[in-house]
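Here's a quick tour of one helix and the company it keeps. Have the model open and follow along.

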Amino acid sequence: MNEDIIFILDSTKEAMGNAIKHLEKQFANIRAGKASPAMLGSVMVNYYGAQTPLSQIANINTPDGRTITVQPWEKKMIQEIEKGIQIANLGFNPMNNGDLIIISVPPLTEERRRELAKQAKAEAEDAKIGVRSARKDANTEIKKLSDVSEDIQKSAENEVQQLTDKYVKKIDEALEVKEKEIMTV
């Protein structure tokens with residue numbers, strides 16, 4: 001097979017793989033009832049004038065399925081961390097005991113579970129759009145190649161379609177797992 005086509009297929013695989021990785025990150029941010037340090041992944045804290053991710057200035061642990069503890073490395077940062085968690089608007093009410101911040105993760109209501117499932121579907125759809133966009137880019141690049149026969153171009157386009165089908169199936173499977181996780185009480 002032509003080197004250009006191999007390069008196009010490799011970069012398409014990479015782009016589609018990145019769509020899956022992004023989806024996995026987004027799914028990690030959607031909570032499914034159990035406490036997880038990833039729930040605080042989007043929290044930014046004012047650390048000496050610079051917005052810094054919470055994970056870089058504190059230890060985040062989950063002692064049980066309903067509690068998250070945040071142990072700052074510097075005690076004087078505890079108020080800033082508390083403020084950062086509230087600003088992130090995650091629906092958590094942080095409690096400060098002087099040494100660490102304790103967050104009780106409330107159980108999800110049925111309505112909230114449905115909202116989260118809908119959010120997961122939207123994220124999966126975005127990932128599919130990313131995969132289809134990679135397919136479109138690959139097909140455009142293949143059509144631009146003037147030094148290959150039509151048969152080879154068709155064969156390469158079929159291979160791109162197979163890749164697309166494979167990655168869309170992975171997205172559907174990941175969504176199914178996430179929805180089950182969200183809807184399980």
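What follows looks at helix H4, its packing and its salt bridges.

## The helix itself

Keep in mind that this is a predicted model. Helix H4 covers residues 150-183, so to speak its whole stretch of 34 residues. From the first C-alpha to the last, H4 reaches 49 Å, close to the 50 Å expected at 1.5 Å a residue.

A good number of H4 side chains are tucked away: Gln153, Ala156, Glu157, Val160, Leu163, Thr164, Tyr167, Val168, Ile171, Leu175, Lys178 and Ile182 are buried. A bit of helix geometry helps when reading that list: with 3.6 residues a turn, residues three or four places apart on an α-helix point the same way. The cover over the buried residues of H4 includes helix H1 (3-29) and helix H3 (110-144).

## Packing against H1

How do H1 and H4 sit relative to each other? Their axes are 11 Å apart and the packing angle is about 10°, which means H1 runs roughly parallel to H4.

On the H1 side, the contact is made by Ile5, Leu9, Thr12, Lys13, Met16, Gly17, Ile20, Leu23 and Phe27. H4 brings Ile152, Ala156, Glu159, Val160, Leu163, Thr164, Tyr167, Lys170, Ile171, Ala174, Leu175 and Lys178 to the contact. Sorted by type, the residues of this H1 contact with H4 come out as 14 nonpolar, three polar and four charged.

## A salt bridge to H3

The structure holds 12 salt bridges. One of them pairs Lys128 with Asp172, whose closest N and O atoms are 2.7 Å apart. Lys128 belongs to helix H3 and Asp172 to helix H4, so this pair ties together parts 44 residues apart in sequence.

Are the two partners buried or exposed? Lys128 has 13% relative accessibility and so counts as buried, while Asp172, at 34%, is partly exposed.

## Salt bridges along H4

Lys169 and Glu173 meet in a salt bridge at 3.7 Å, N to O. Both lie in H4, four residues apart, or about one turn of the helix. Lys169 is exposed, with a relative accessible area of 53%, and Glu173 is partly exposed at 41%.

Further along, Lys178 forms a salt bridge with Glu181, the closest N and O atoms being 3.3 Å apart. These two are three residues apart in H4, so about one helical turn separates them. Lys178 is buried at 7% relative accessible area, whereas Glu181 is partly exposed at 40%. Lys178 also appears in the contact with H1.

Finally, Lys143, Lys154 and Glu157 are linked in a network of salt bridges; of these, Glu157 is among the buried residues of H4.

How values were computed. Residues numbered from 1 in each chain as written. Predicted model: local features only at pLDDT ≥ 70, side-chain atom pairs only at ≥ 80, totals over all residues. Heavy atoms only, no water. Expected span 1.5 Å × (residues − 1). Buried < 20%, exposed > 50% of the residue type's maximum accessible area, 1.4 Å probe, protein only. Contact = heavy atoms within 4.5 Å. Axes fitted to C-alpha atoms, helices over the stretch in contact; angles between N-to-C directions. Parallel < 35°, antiparallel > 145°, perpendicular 65-115°, else oblique. Nonpolar A, V, L, I, M, F, W, Y, C, P; charged D, E, K, R; others polar. Salt bridge = Lys/Arg side-chain N within 4 Å of Asp/Glu carboxyl O.
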